[in-house]
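Q: Please take a close look at one part of this model, the sheet and the helices that pack on it, and set that part within the chain as a whole.

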Amino acid sequence: MRLINITNSYHRLVTQQLATTKADYVSVYSLGKTTVLFTRSSKTREILLKNDKRHIQQAEIDFVLKELVDVDSTDDVEILNDGSLVEITIPTPSTTAS
């Protein structure tokens, strides 16, 4: 599997996301026939996987988590899987020490 950055092909989507959400970073990737939207804000990182032809496979979810956010475990990860659409929410680690 290979993630290819295709953000430049989605200029309107990226501009809209930055203008209408709290995201401070947006990028779009291709994972074969699956499109991956990655957004980051001060509180969360969100990944959306979409495939119009088939259901998203668990191996794709695991690969994207490892490549984009370096997460092996899904302990602190919220995953909503609707077959051909998967939304993943990961809390941003706190940078302040207690």
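A: Contact here means heavy atoms within 4.5 Å. In this predicted model, phenylalanine 63 by that criterion touches Met1, Arg2, Leu3 and Leu31, leaving aside residues up to four places away in sequence. Phenylalanine 63 sits in helix α2, which spans residues 58-69, and α2 in turn lies across β2, β3, β4 (44-50), β5 and β6 (85-91), running at about 140° to β4. By contrast, the C-alpha atoms of phenylalanine 63 and asparagine 8 are separated by 22 Å, with these positions 55 residues apart along the chain.

The sheet itself is open and consists of six strands in the order β1-β2-β3-β4-β6-β5, with antiparallel pairing. Its edge strands are β1 (4-5) and β5 (78-81), each of which pairs on one side only. Two bridges join β1 to the antiparallel strand β2 (residues 25-31), and within β2 tyrosine 29 is the bridge partner of asparagine 5. Helix α1 (residues 11-20) also packs on the sheet, where α1 touches β2 and β3 (34-40) and its direction makes about 145° with that of β2.

Seen over the whole chain, the elements run β-α-β-β-β-α-β-β from the N terminus on. The radius of gyration is 14 Å, close to the 13 Å that the globule rule gives for 98 residues, so the chain is as compact as a globular protein of that length. Of those 98 residues, 35% count as buried, and among contacts between residues at least 6 apart in sequence, 45% join residues at least 24 apart.

Conventions:
Residues numbered from 1 in each chain as written. Predicted model: local features only at pLDDT ≥ 70, side-chain atom pairs only at ≥ 80, totals over all residues. Heavy atoms only, no water. Helix = DSSP H or I, 4+ residues; strand = E, 2+ residues; numbered from the N terminus. Pairing = 2+ DSSP bridges. Axes fitted to C-alpha atoms, helices over the stretch in contact; angles between N-to-C directions. Rg over C-alpha atoms; globule rule 2.2 N^0.38 Å. Buried < 20%, exposed > 50% of the residue type's maximum accessible area, 1.4 Å probe, protein only.
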